[in-house]
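Visitor: Please pick a single part of this model and take me through it closely. I would like to know what it packs against and how its surroundings are arranged.

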Amino acid sequence: MRAITQDAYGGPEVLREAQLDKPEPGPSEVLIRVRAAGVNPTDWKHRAGQGFLGEPPRILGWDVSGVVEAIGTGVTLHKPGDEVFGMLPYPFGLGSHAEYVTGPARAFVPKPTGVDHVQAGAIPLAALTAWQALNDTADLQAGQRILIHAAAGGVGHLAVQIAKAKGAHVIATASKSKHEFLTGLGVDELIDYTSADFTEVVSDVDVVLDPIAADYRSRSLRVLRKGGILVSILPYDRDELVAEADELGVRAELMLVEADQAGMQAVRELVEAGKLRVEIAGTFPLADAAKAHAQGETGRTQGKLVLTIN
């Protein structure tokens, strides 16, 4: 099979196309012929040596949309020929930037009707991150106020839609050029972070979703109401942030996304109900994975980048 591998840390140029043996599914696993796979910030961060995986070589990629090719011993949920999508176990179950990948059968659910593999391949990691942050961690409720940073990004624009589906009042930070897009997703209040300090115009927020870190986390604690919660999807420097939150009478939670069949099913239902759609920022053939990484690292992507495999 063709796969995108890296033998060393570095920029996009360390990615190369290689011919490798097709994997075989083990017990409770499925073999999937990958049709599309999202490219996420975690991919280029791990490529550059900023992640959890140790030394290369490796095949990156956690998002999967494709067709079940074979099943391992004990699998009953999927059959060869089924169209499925899901996220490989994060962070150590990677490998979707290839023609074939194996993974736990219960990491996958049927691909939503009405969307193609490109759309389905863009959804899993970002949507699961948003779902687990807002539903499982923050327990976001109808009528609550949520501030979503980087709201036009991969996780952000899906979090906006999940929050709206839950009946929340959504406040978003994004550059002015992305406000029209976010208004179309239902955002109630918009803040241009290039011209306004969100701490001066927002207060009494129930939930903040932070995919940025830096000083955004500490500043965001100060716009929460008493008892409110900040959820950061960049789980480092935890102790200092939690201590600061405790002093202010709020909560800070730092999370990593997890493979989650129930979460994937919830995401699938939102997609099929027309309440969740993914914005495709660009598609690239598998061989052009380095170009996808380079575009993603500009930090100006609206939505998701996807590798397509014929």
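**A helix and the sheet beneath**

Guide: Helix 3 lies across four strands, namely strand 9, strand 12, strand 13 (224-232) and strand 14, and runs at about 150° to strand 13. Helix 4 (residues 154-165) also packs on the sheet, where it touches strand 9, strand 10 (169-174) and strand 12, and its direction makes about 170° with that of strand 9. Strand 9 and strand 12 are thus contacted by helix 3 and by helix 4. This is a predicted model.

The helix itself spans residues 124-137 and is mostly covered, with eleven of its 14 residues buried. The buried residues are Pro124, Leu125, Ala126, Ala127, Leu128, Thr129, Ala130, Trp131, Gln132, Ala133 and Leu134. In an α-helix there are 3.6 residues a turn, so residues three or four places apart point the same way. Here, the buried set includes Leu128 and Trp131, and also Gln132. After helix 3 comes Asp139, which has a positive phi, near 50°.

The sheet is open and has six strands in the order 11-10-9-12-13-14, with parallel pairing. At its edges are strand 11 (189-192) and strand 14 (251-254), each of which pairs on one side only. Averaged over neighbouring strands and ignoring direction, the turn of one strand against the next is 15°. Of the strands that helix 3 lies across, strand 14 is thus an edge strand.

Two of the strands under the helix can be followed at residue level. Strand 9 (residues 145-148) pairs with strand 12 (residues 205-210) in the parallel sense, over three bridges. One pairing involves Ile146, whose bridge partner in strand 12 is Val207.

For the wider setting, UniProt, in an unreviewed entry, places the feature "domain: Enoyl reductase (ER)" at residues 10-307. Over residues 10-307 the chain is 29% helix and 28% strand, and the end C-alpha atoms lie 20 Å apart.

Another helix in the chain offers one more buried site. Arg268 belongs to helix 9 (residues 261-272). Arg268 counts as buried because its relative accessible area, 17%, is under the 20% cut-off. Neighbours within four places in sequence aside, Arg268 is in contact with Phe85, Val109, Pro110, Lys111 and Pro112.

Notes: Residues numbered from 1 in each chain as written. Predicted model: local features only at pLDDT ≥ 70, side-chain atom pairs only at ≥ 80, totals over all residues. Heavy atoms only, no water. Buried < 20%, exposed > 50% of the residue type's maximum accessible area, 1.4 Å probe, protein only. Contact = heavy atoms within 4.5 Å. UniProt positions renumbered as here; feature names shortened; annotations may be inferred. Pairing = 2+ DSSP bridges. Axes fitted to C-alpha atoms, helices over the stretch in contact; angles between N-to-C directions.
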